[in-house]
Amino acid sequence: MADEDVLNQEETQGDEDGGQEAAEPSLQDKLKEAVDVRVEDVATLRKKLTITVPRETISTQFDEQYDELRREALVPGFRKGRAPRRLLEKRFGTEVGETLVSQFLSSGYMAATEKIDLKALGDPLIWAKEKGADTETLMDVSKAADLMEVPKEGPFVFSCEVEVQPEFDLPELDGIPVEKPVVTITDEKLDAQMNQLRGIQGTYTPVGEGPVEVDDVLTADLKMTCGETVLKEEQNVRLAARPQVVDSVVLQNLGEVLVGAKPGDTRKASGPIPDTYFKAEFRGQQADLTITVRQIQRMQLPEMNDEFAKRFGFNTVSELRNWVKTDMESRQDEEIGKLMADQVCQYLLDKTSFDLPERLSERQIHHVTMRRKIELYQQGMPPAEVEKAVDELETRTRKDAVTGMKLAFIFAKLAEQFEVEVDEAEVNAQIAAIARRQGRRFDRVRDELIKQNVIDNLFTRIRDDKIVAKLVEKATVTEVQPQGKTEDESADKNKKEKSGARKEAAPAEEPLAEGEVQPAKPKRSPPRKKSKASDDADAT
């Protein structure tokens, strides 16, 4: 083949393979090659990074910013693309500087952690000086960006602190010792399940003049101060008369303070500002809250009568109670599975040792509470009771949060090892199950979970359940014999349990029309006469 033919073929191939120019590298990619990173240990699993952006990179970014402005900006007296650089600097210099500071802080931090392969948790805190201050304090990125400037000469240097993921080895995962418990449907459990149905149908209603009782929900005006500084001032805030967390401040005595108040009354509460508070200068001090009550609402539960039973498609409370019992019996395997899963989780906690960051960020605490919220929703607990349980978790000692975070790290590592994935269909199936247990429409529940920002936690929960199922499959399971039963009776019971084992869950039902309620149906529904409401629900 002639040389010019070879050349023509290479040019043609080049046109086919590279007809478009290679994508311009991102600022983060550029900074990854350019920045210098110095790392210091400042606490357990907490690092201080000092990041240096060289002058050459700064100059290049300034040039790119002004070149873009020259092409796009309209400057009086000059055609588009013809304005001189010095005029652009005079007119847009402040704006360009602010943009670059923000870019260097955010992209520079990401580039630095990627460059040194640092597995960070959450967002960093930046060391910067408040206006008029002599020393630097830690603050969030957006606030630091407002206070910092790109130097006219030399490199741009900033320091930040960040928590990092712990390094640890997983324990032996084959043959985890697990006991398979015996679960019975007691009258107490049945009563609790019936009350859950009342809670689902309950509504908050105004109580007029009050006074406030425990667990009432208030609309109030709120003012939070630390000394003479106002930290937060807001009107028409929703509070519950029980221990709660307000802007990271744990108010253990809030319920005691609010009980007995009437609309128009003002009450005061206080609590310690945690060391994770976003304004570092107030950490460790006391926050004082002034609360002015505007409106009081109280949960009103429907009476457990035949009229209540008809809301669920039954003619009498007795029919409803029989259905609930049958439904609970059909879900015994589910409860047994949860108890076995708890044993697996405890094994992982006991056999895995590693340190956690000394300061648990609010984002991490939020992750633990949202995980608990999803678990309660899956159990069919009414939304008002879920909120109460979450408040209790947030205000209790941080021990629960520490345990939850430890498990989160363990399951994240197990997910990588087992290559567990979750798809959207699985998430929708779980939302449908929650909706059926609450007797609500699928789309209403889904929108509520999205609004509460717990969908990601639902993904994680499903992933973790898959991991536990894999571990239980490989576990050494010991069946616990019922107390007072002979071996023959136990064998007969086990035979019946196996023959009546639940089939795979049916596909999620279609959402109901507005105002209709259709609870989950058991596999063996007791004979009953259907009401018209039930006929309509089945027709749907």
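**Two helix crossings and a sheet**

Let me begin towards the end of the chain, where helices H14 and H15 lie roughly perpendicular to each other, and I should say at once that what we are looking at is a predicted model. The axes of H14, which covers residues 424–438, and H15, which covers residues 442–451, come within 9 Å and cross at roughly 115 degrees, and the handedness of that crossing is right-handed. If you look at the side of H14 that takes part, you will find Asn428, Ile431, Ala432, Ile434, Ala435 and Gln438, and these meet Phe442, Val445, Arg446 and Leu449 of H15. Sorted by class, the residues of this contact are 7 nonpolar, 2 polar and 1 charged.

Now let me move to the other helix pair, H3 and H4. Here H3, residues 55–72, and H4, residues 85–115, have axes that come within 9 Å and cross at roughly 125 degrees, and because of that angle H3 counts as oblique to H4. The crossing of H3 and H4 is right-handed. From H3 the contact draws on Ile58, Gln61, Phe62, Asp63, Gln65, Tyr66, Leu69 and Arg70, while H4 supplies Arg85, Leu88, Glu89, Phe92, Gly93, Val96, Thr99, Leu100, Gln103 and Phe104. In this contact of H3 with H4, the residues divide into 9 nonpolar, 5 polar and 4 charged.

That brings me to the sheet. It is an open sheet of 5 strands, which run in the order E1-E2-E5-E3-E4 with antiparallel pairing. At its edges are E1, residues 36–43, and E4, residues 136–139, each of which pairs on one side only. Going from one strand to the next, the twist averages 30 degrees. To take one pairing in detail, E1 and E2, the latter spanning residues 46–53, are joined in the antiparallel sense over 7 bridges, and within this part of the sheet Glu40 has Lys48 of E2 as its bridge partner.

And what does H4 touch when it packs on the sheet? The strands concerned are E1, E2, E3, which is residues 120–129, and E5, which is residues 156–164, and the direction of H4 makes about 60 degrees with that of E5. So H4 is the element I would ask you to keep in view, as a helix that both contacts H3 and packs on the sheet.

How values were computed. Residues numbered from 1 in each chain as written. Predicted model: local features only at pLDDT ≥ 70, side-chain atom pairs only at ≥ 80, totals over all residues. Heavy atoms only, no water. Axes fitted to C-alpha atoms, helices over the stretch in contact; angles between N-to-C directions. Helix = DSSP H or I, 4+ residues; strand = E, 2+ residues; numbered from the N terminus. Parallel < 35°, antiparallel > 145°, perpendicular 65-115°, else oblique. Left-handed = near helix turned anticlockwise from the far one by under 90°. Contact = heavy atoms within 4.5 Å. Nonpolar A, V, L, I, M, F, W, Y, C, P; charged D, E, K, R; others polar. Pairing = 2+ DSSP bridges.
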